[in-house]
Amino acid sequence: MSPQFSDYALVVAAVLFALGLFGVLARRNVVYVLISVEVMLNAAGLAFISAGSKLGQPDGQVMFIFILTLAAAEASVGLALVIQFYRAYKTLDTDSARELKD
Amino acid sequence: MVTVLFFVAGALAIVSTALAVTRPNAVHALLYLIVAILSLSVLFYLLGAPFAAALEVIVYAGAIVVLLLFVVMMLNLSHQSVAEERTLLKPSIWIGPGILAAVLLGALIALLSNGAPAGGDSIEGPAAVGTALFRPYLVGVEIASFLLISGVVGAYHLGRRLKEPRP
Amino acid sequence: MELLWLVPALPLLGFALLTLARRLVRGVAALIGVGSIGLSMLVTLWIAYSFLVSPPQSGAASDTVWSWIALGDFRVSVAFYLDSFSLVMILVITIVGFFIHLYSAGYMEGDDGFARFFAYMNLFTASMLILVLADNLLLLLVGWEGVGLCSYLLIGFWYRDPANARAAVKAFVVTRTGDAAMLVGFLLLFTSLGTLNIQDLLSKAVSQWPSGSGIAIAAAALILAGALGKSAQLPLQTWLPDAMAGPTPVSALIHAATMVTAGVYLVARTHAIFALAPPVQLAVGIIGVATLLIAGFSAITQRDIKRVLAYSTMSQIGYMFLALGVGAWGAALFHFVTHAFFKSLLFLAAGSVILAMHHEQDLLKMGGLWKRAPVAFWTFLVGALAMAAVPPLISGFSSKDWILSWVWSSPAGGPVLYVLALLGVLLTATYTARLVTLAFFGRERDVPEHVHPGGALIAVPLIVLAVPALFLGLIQTPRSLGGVNLFASFVQGVLPEPGAEGPPSTELLLMAVSTLVALAGLVLGWALGVSQARAHLARREAEPAGSPLHRFLLSGWGFDWLYDRAIVGPYRWLARINQSDVADWIARGFAALSRLLNRLLSLAQTGRLRWYATALGIGAVAIVAMVVFL
């Protein structure tokens with residue numbers, strides 16, 4: 001059986017996830033970190049949907065909806081934190097906040 | 001036709017995501033992210049999930065990214081910060097994460113290439129999704145609603161202006 | 001007999017109250033401390049009364065308080081056993097103990113550890129009562145170890161002086177040496193006879209073990225080792241003279257009512273096993289007579305008034321062991337009773353003398369105290385005459401004479417032991433007379449201007465204790481002197497006589513001989529005291545040089561020196577070379593390793609968010625890669 005759409009979609013999801021991970025680790029700006037997290041969540045959603053499509057089940061889309069909810073909540077809380085961060089440090093560079101240390 | 005559309009959308013998603021993650025200007029990055037999300041939505045539609053495609057456009061592109069955009073504009077990141085971003089994007093900083101992400105990608109591709117389950121594409125309409133959502137996953141929906149409420153409360157609480165600025 | 005459990009419980013309650021209640025007023029502490037023993041004494045008197053009026057059917061009663069251990073067939077209960085033997089013991093312990101406590105209330109006045117002192121004393125008495133009332137060996141061991149613990153606490157009562165603490169440790173360690181052997185003996189009895197109940201044990205031993213069998217000898221020898229440690233007999237006697245470091249009432253309690261007599265009690269209680277092991281019984285007699293002589297010779301040379309009394313205790317306990325060795329169990333017990341009274345009297349009177357002398361204990365510095373401290377003098381004289389066994393009414397005479405007559409006539413005794421015991425009589429009289437002469441007669445040498453021999457709390461116990469010390473001998477007299485036989489017939493059922501008594505003419509002869517020897521000893525001791533006092537006055541402060549023999553005797557026959565060289569020295573050497581032992585290396589290695597790991601891991605704590613995220617990412621990627629590629 002030749003590869004279906006869903007197989008390629010899984011590959012795309014893997015690529016997007018890797019890109020998101022790269023962004024989270026490489027960028028020092030908090031806003032970019034948040035963007036990268038959104039990318040990773042999107043990749044996971046794509047993986048779920050393609051799996052659901054491949055298996056002919058609606059559960060993949062249900063999981064995507066849950067991920068969507070999670071992403072929305074995460075974005076709102078995360079952005080609130082970003083605003084506070086900026087107010088506290090006058091910068092968005094995560095490396096400037098080093099107080100998580102003894 | 002559909003096959004071409006699929007691959008174009010997939011390539012577009014990957015490229016625009018890569019740009020979104022690496023652009024020094026935050027507004028540009030967010031615009032690339034919107035492009036990536038729209039092309040992902042096309043992928044969803046082609047994978048037989050029209051409901052998810054619609055949600056992707058409405059919630060992601062319409063709400064989350066706009067929220068991010070608002071924050072970026074509110075913080076008013078000027079050209080100075082763009083220049084600063086550029087200096088921060090040195091190879092010495094991104095080489096490690098790059099290797100790590102490459103390893104992850106290799107592992108995932110390897111996983112997909114030898115372990116993908118058999119099966120064809122099928123279309124699951126909004127009715128099927130809604131039935132699944134409100135029958136077996138009802139508890140999950142309720143928990144998700146709790147999560148959203150706590151997100152709202154948390155955002156309100158955290159976003160408030162502190163009485164006295166931190167030292 | 002339902003009240004029997006109260007006898008040990010009341011002092012124990014007193015101990016608990018005194019320990020738990022902090023910062024008691026002196027009066028209340030004294031009331032609790034003395035009152036608990038007083039109540040215990042009253043209960044004991046009531047029990048004794050009802051025991052005499054209506055003796056139990058089998059001659060013994062037992063009172064099970066609660067079941068302690070119940071494992072299948074193995075049952076141990078906290079049960080108290082009362083027969084005429086233990087009745088005599090608890091009578092002596094509570095009566096003598098009460099008066100010592102009363103005296104302590106006066107003697108310890110003004111001491112910082114007043115309540116602590118009474119707490120320990122109460123626990124001491126309670127432990128001894130548990131020991132003598134115990135129905136089984138396990139409970140006996142509880143009392144036994146309690147006595148050992150309290151002796152440690154009380155000898156080291158003034159713990160701020162390191163010498164006192166050392167004396168306490170010495171007493172504890174030396175007696176423990178014997179205790180270890182005794183515990184092995186108890187386990188041997190339990191494994192071979194299958195019970196811990198003392199009465200069952202004795203009857204089973206008699207029916208199952210042939211006389212002179214190896215197991216009987218082993219058991220008897222091991223029990224004897226424990227008894228030797230507690231009773232300060234050869235070769236575990238070295239702790240007793242040093243035990244004088246404690247306050248004087250403690251010495252009185254240790255020497256008279258508790259502690260050192262525990263060994264005598266144990267041997268007499270298990271006499272059936274000793275009767276099955278003739279060689280061990282012979283050893284008991286020989287050890288007794290040897291201790292009697294060694295301690296007697298040492299006592300003659302001591303300068304410290306309390307050390308003289310300590311050595312005298314060793315020699316008097318030697319008499320008891322001699323009596324046990326020849327099978328005269330009743331005579332040993334009777335000597336214990338009279339000894340308890342006259343020795344407590346001697347110690348308490350000596351305490352009064354020490355108070356009068358402002359805590360000076362050197363005999364050579366005393367002298368002429370008879371008119372300065374009359375109460376102490378007269379009561380001390382009564383005790384001294386009792387110890388020297390001067391006839392006819394004095395208690396020590398009848399008990400000692402009883403022992404001597406059995407040593408002569410018992411099948412286990414004989415002329416050799418008798419002659420040695422007679423030498424002991426001479427020594428006893430000599431050191432006693434020397435002690436009295438040096439302390440109370442002659443010119444005052446270094447007596448302070450103002451003497452305070454103590455108030456009514458000190459005087460009353462002395463006078464009261466002097467009465468039994470004088471007249472207790474009346475309840476058991478030789479046949480030629482009335483032949484009162486109350487004591488022997490009372491304990492007859494538990495502690496049988498070793499055989500038929502000799503003819504009355506022999507008895508009269510023996511009595512005359514021992515009396516003459518005692519009188520000769522008194523004269524000798526008086527002469528010795530007078531000459532030493534004179535020599536001290538002539539030389540004043542100069543230390544008496546003394547011959548090597550004198551120094552040898554002064555040091556208690558060099559046993560401390562010998563043990564230091566033979567045991568303590570090598571042990572400390574071993575401890576020193578093993579100071580950084582291998583077992584510690586392992587433990588320390590673990591500590592060092594975890595400290596190293598800690599230092600490594602705390603390097604990872606940079607405070608950089610990205611670094612943490614990277615670490616998480618590395619871990620996740622590594623796990624995925626492992627799943628995929630392995």
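The paragraphs below lead through a predicted model, chain by chain and then into its cores and one of its pockets.

Chain A is built from three helices and zero strands, and read along its sequence these elements follow the pattern α-α-α. Of the 102 residues in chain A, 67% are buried, while the area that the chain exposes comes to about 3500 Å², with carbon and sulfur atoms supplying 68% of that surface. If we look at the contacts in chain A whose partners have a separation of 6 or more, 54% of them join residues that lie 24 or more positions apart.

Chain B likewise has zero strands, and its helices number seven, which gives the pattern α-α-α-α-α-α-α along the sequence. Buried residues account for 36% of the 167 residues in chain B, and the chain exposes about 9500 Å², of which 73% is supplied by carbon and sulfur atoms. Among the contacts in chain B between residues at least 6 apart in sequence, those that join residues at least 24 apart make up 59%.

Chain C has 630 residues, of which 55% count as buried, and its secondary structure consists of 25 helices and two strands. Its exposed surface is about 25700 Å², and carbon and sulfur atoms supply 70% of this area. In chain C, 81% of the contacts between residues at least 6 apart in sequence join residues at least 24 apart.

With the chains introduced, we can turn to the interior. In soluble globular proteins, nonpolar side chains tend to be buried together. Which residues touch the most other members of the largest nonpolar core? They are Leu140(C), Leu189(C), Leu224(C), Trp239(C), Phe274(C) and Phe321(C), within a core that has 202 residues. The element that gives the most to this core is helix 15 of chain C, which spans residues 329–356 and contributes 19 residues.

Trp239(C) offers a good place to follow these contacts one by one. Once its neighbours within four places in sequence are set aside, Trp239(C) is in contact with a list of residues that includes Lys170(C), Ala171(C), Val174(C), Thr175(C), Ile254(C) and Met259(C). Lys230(C) is another of the contacts of Trp239(C), and this lysine lies in helix 8 of chain C, which covers residues 214–231. Is Lys230(C) buried or exposed? Because its relative accessible area is 0%, and residues under 20% count as buried, Lys230(C) is buried. Apart from neighbours within four places in sequence, the contacts of Lys230(C) include Trp144(C), Val147(C), Gly148(C), Asp179(C) and Gly263(C), as well as Trp239(C).

A further buried position in chain C is Ala295(C), found in helix 13, residues 278–301. Ala295(C) has 0% relative accessibility and therefore counts as buried. Leaving out residues up to four places away in sequence, Ala295(C) touches Tyr311(C), Met314(C) and Ser315(C). The C-alpha atom of Ala295(C) is also separated by 9.4 Å from that of Gln233(C), although the two residues are 62 residues apart along the chain.

A second, separate core has 62 residues, and it includes Ile65(A), Ala71(A) and Phe85(A) together with Ala144(B). Ile65(A) is found in helix 3 of chain A, residues 59–89, and it counts as buried because its relative accessible area is 14%, which is under the 20% limit. Within chain A, the C-alpha atoms of Ile65(A) and Gly45(A) are 8.4 Å apart, and 20 residues separate the two in sequence. Ile65(A) also reaches chain B, where it touches Phe51(B), Leu55(B), Val129(B) and Leu133(B).

The last stop is an open space in the model. Rolling a probe the size of a water molecule over the atoms shows where empty space is left. The second largest pocket has a volume of about 690 Å³, and of the 16 residues that line it, the closest to its centre are Lys170(C), Val173(C), Val174(C), Asp564(C) and Val568(C). Two elements of chain C, helix 6 (162–193) and helix 23 (559–577), give two or more residues to this lining, and helix 23 gives the most, with seven residues. Sorted by class, the lining of this pocket holds eight nonpolar, two polar and six charged residues. Two of the residues closest to the pocket centre, Lys170(C) and Val174(C), have already appeared above as contacts of Trp239(C).

Note on methods: Residues numbered from 1 in each chain as written. Chains lettered and ligands numbered in written order. Predicted model: local features only at pLDDT ≥ 70, side-chain atom pairs only at ≥ 80, totals over all residues. Heavy atoms only, no water. 1 Å grid on protein atoms, 1.4 Å probe; cavity = no way out; pocket = protein on both sides within 12 Å on 5 of 7 lines; lining within 4 Å. Points joined across faces, edges and corners; volume = space filled by probe spheres on them. Helix = DSSP H or I, 4+ residues; strand = E, 2+ residues; numbered from the N terminus. Nonpolar A, V, L, I, M, F, W, Y, C, P; charged D, E, K, R; others polar. Core = buried A, V, L, I, M, F, W, Y, C linked by side-chain atoms within 4.5 Å. Buried < 20%, exposed > 50% of the residue type's maximum accessible area, 1.4 Å probe, protein only. Contact = heavy atoms within 4.5 Å. Areas by Shrake-Rupley, 256 points an atom, 1.4 Å probe, with all protein chains shown as cover.
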